[in-house]
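Visitor: I have a structure open on my screen and would like to learn how to read its surface and its charged pairs. Could you walk me through it?

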Amino acid sequence: MAAELGPRTGIAAVVVSYETGPILFQCLDRLSADPLVSEIIVVDNGNPVSVRAALRGRNDISLIVGQGNVGFARGCNLGAAKARADYLAFINPDALVDPGAL
């Protein structure tokens, strides 16, 4: 029998990133500041080693790596499978979401 996960709340933001560049971190900072976003899941579809290292250093995200560039849709599915929140938001890595917009 599966364990009960308990109540789920908020929005899981799924961000699929492939060689996005510095704007990815601005995107993540904005999502992290939004009180309705309860989890941020980054699917790394192929970023430089330095970016991947910086992502691993963040404690405000869950990082999925190792699958290679599986494309945006499959990356979204990988992120959604890990999400535990009530709602999903698929966020482009170059999107700068204003607080409260979700």
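Guide: Happy to. Let's start with a term: a residue is called buried under 20% relative accessible area, exposed over 50%, and partly exposed in between. Keep in mind that this is a predicted model.

Visitor: Then is Leu-88 buried, partly exposed or exposed?

Guide: Leu-88 has a relative accessible area of 42%, so Leu-88 is partly exposed. You will find Leu-88 in strand E4, which covers residues 87-91.

Visitor: Which residues make the nonpolar surface patch?

Guide: Leu-88 makes the patch together with Phe-72 and Phe-90, and its area is about 290 Å².

Visitor: Now the charged pairs. What is the general idea?

Guide: When the charged atoms of oppositely charged side chains come close, the side chains can pair. For counting, the cut-off is a side-chain nitrogen of Lys or Arg within 4 Å of a carboxyl oxygen of Asp or Glu.

Visitor: How many salt bridges does this rule give?

Guide: The count is 4 salt bridges. One of them joins Arg-58 and Asp-29, with 2.9 Å from N to O. Arg-58 sits in the loop between helix H2 (49-56) and strand E3 (62-64), while Asp-29 belongs to helix H1 (residues 23-33), so this pair ties together parts that are 29 residues apart in sequence.

Visitor: How do the accessibilities of those two partners read?

Guide: Arg-58 counts as buried because its relative accessibility is 18%. Asp-29, at 43%, counts as partly exposed.

Visitor: Which other side chain meets Arg-58 in a salt bridge?

Guide: That is Asp-60, at 2.8 Å from N to O. Asp-60 has 25% relative accessibility, so Asp-60 counts as partly exposed. Taken together, salt bridges link Asp-29, Arg-58 and Asp-60 in a network.

Visitor: And what does Arg-30 form a salt bridge with?

Guide: The partner of Arg-30 is Asp-98, and their closest N and O atoms are 3.2 Å apart. This pair links distant parts of the chain: Arg-30 is in helix H1 and Asp-98 in the segment after E4, 68 residues apart.

Visitor: Where do these two fall on the accessibility scale?

Guide: Arg-30 is partly exposed, with a relative accessible area of 32%. Asp-98 counts as partly exposed at 46% relative accessibility.

Definitions and conventions. Residues are numbered from 1 along each chain as its sequence is written. This is a predicted model: local features need pLDDT of at least 70, side-chain atom pairs count only at pLDDT 80 or more; totals for chains, interfaces and linings use all residues. Side-chain values use heavy atoms; hydrogens and water are left out. Patches are made of residues with over 30% relative accessible area and no salt bridge: like charges are joined within 9 Å, nonpolar side chains (Val, Leu, Ile, Met, Phe, Trp, Tyr) within 5 Å. Accessible areas come from the Shrake-Rupley method with a 1.4 Å probe; for residues, only the protein chains shown count as cover. Helices (H or I, at least four residues) and strands (E, at least two) are DSSP runs, numbered from the N terminus. Buried means under 20% relative accessible area, exposed over 50%, partly exposed in between (1.4 Å probe, protein chains only).
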